[in-house]
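Good morning, colleagues. Please look at the sequence and the structure on the screen, and I shall then take you through some of the features.

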Amino acid sequence: MGKTRLSFLIVFIFIALNLVYANVDAGHGNGKTIPKNICLMKPFIVHIESDVNNLRFHCKSKDDDLGIVTRNAGEEYDISFCINFARSTLYFCHFYWESNQKVFNVFATKAKHNPDYCFGGPWDAKVNCYWLVNDDGFYVAKFHNPGPDDWVKKYDWE
């Protein structure tokens, strides 16, 4: 009976700490105030920064259609979400700029791990993932809070 109570207590504390720890704004970066979501694990924020004018894109997950968004150079769009318990959350976007386009996953867990362009330590309140859209393609960050030289090219425009 003692081991069962201890196991239950440990699981309860883990869940309670994650609920409190991860109770941050999980809006979709569209300028609207959205109530805070409660995540069982840390919330994620995918930052999509535009380095071109008139960038249009449409992002979706299995459960959320975030609509068509337009951003200009220097502007950012954030997708905030809680990953599902099975760690199979996926967001993809269809990007359009001038006569170019490209569709790809901006977030997908890999083998139960976070993508290599997402950063968040054990004491961070959230995990941040970074994309930069440039005139020659799409870049991911090498580090948390990337500077101008902290990007690696991932995709070309089609």
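There are two disulfides in this structure, and I should say at once that the model is a predicted one. A disulfide is a covalent bond between the sulfur atoms of two cysteines.

Let me begin with the pair C59 and C93, whose sulfur atoms are 1.9 Å apart. The link of C59 and C93 is right-handed, with 105 degrees about the S-S bond. What does this pair tie together? C59 belongs to strand β2 and C93 to strand β5, so the disulfide connects parts that are 34 residues apart in sequence. Both C59 and C93 are buried.

In the other disulfide, C118 is joined to C129, with an S to S distance of 2.0 Å. The link of C118 and C129 is right-handed, and the angle about its S-S bond is 110 degrees. Here C118 sits in strand β7, residues 118-119, and C129 in strand β8, so the parts tied together are eleven residues apart in sequence. Are these two cysteines buried or exposed? The cut-off for buried is under 20% relative accessible area. C118 has a relative accessible area of 11% and therefore counts as buried. C129 is at 0% relative accessibility, so C129 is buried as well.

I turn next to strand β5, which holds C93. The strand has a covered face, made of Y91, C93, F95 and W97, and an uncovered face, made of L90, F92, H94 and Y96. Which strands does β5 pair with? β2 and β5 run antiparallel and are joined by six bridges. In that pairing, F57 stands opposite F95 of β5. β5 and β6 also run antiparallel, and eight bridges join them. W97 stands opposite N100 in β6. The hairpin of β5 and β6 has two residues between the strands, and E98 takes a positive phi near 50 degrees there.

Now to the interior. In soluble globular proteins, nonpolar side chains tend to be buried together. The largest nonpolar core in this model has 29 residues, and the members touching the most others are V46, I48, I79, F95, V106, F107 and W131. Several strands give two or more residues to this core, among them β1, β4 (76-82), β5 (90-97), β6 (100-108) and β8 (127-134). A second, separate core has six residues, including F119, Y130, L132 and A141.

V46 deserves a closer look. Which residues does V46 touch, once those up to four places away in sequence are set aside? They are Y77, D78, I79, F81, V106, F107, C129 and W131. C129, in this list, is also the partner of C118 in the disulfide described earlier.

I close with S50, which lies in strand β1, residues 43-50. With a relative accessible area of 1%, S50 is below the cut-off and so is buried. A polar atom of the S50 side chain lies 2.6 Å from the backbone oxygen of V52. Leaving aside neighbours within four places in sequence, S50 is in contact with L55, R71, N72, A73, G74, E75 and V133.

To sum up, the points to retain are the two disulfides, the antiparallel pairings of β5 with β2 and with β6, the nonpolar core of 29 residues, and the buried S50. Thank you for your attention.

Conventions. Residues numbered from 1 in each chain as written. Predicted model: local features only at pLDDT ≥ 70, side-chain atom pairs only at ≥ 80, totals over all residues. Heavy atoms only, no water. Helix = DSSP H or I, 4+ residues; strand = E, 2+ residues; numbered from the N terminus. Buried < 20%, exposed > 50% of the residue type's maximum accessible area, 1.4 Å probe, protein only. Polar contact = N/O pair within 3.5 Å; in protein donor to acceptor, adjacent residues only side chain to side chain. Contact = heavy atoms within 4.5 Å. Core = buried A, V, L, I, M, F, W, Y, C linked by side-chain atoms within 4.5 Å. Disulfide = S-S within 2.5 Å. Pairing = 2+ DSSP bridges.
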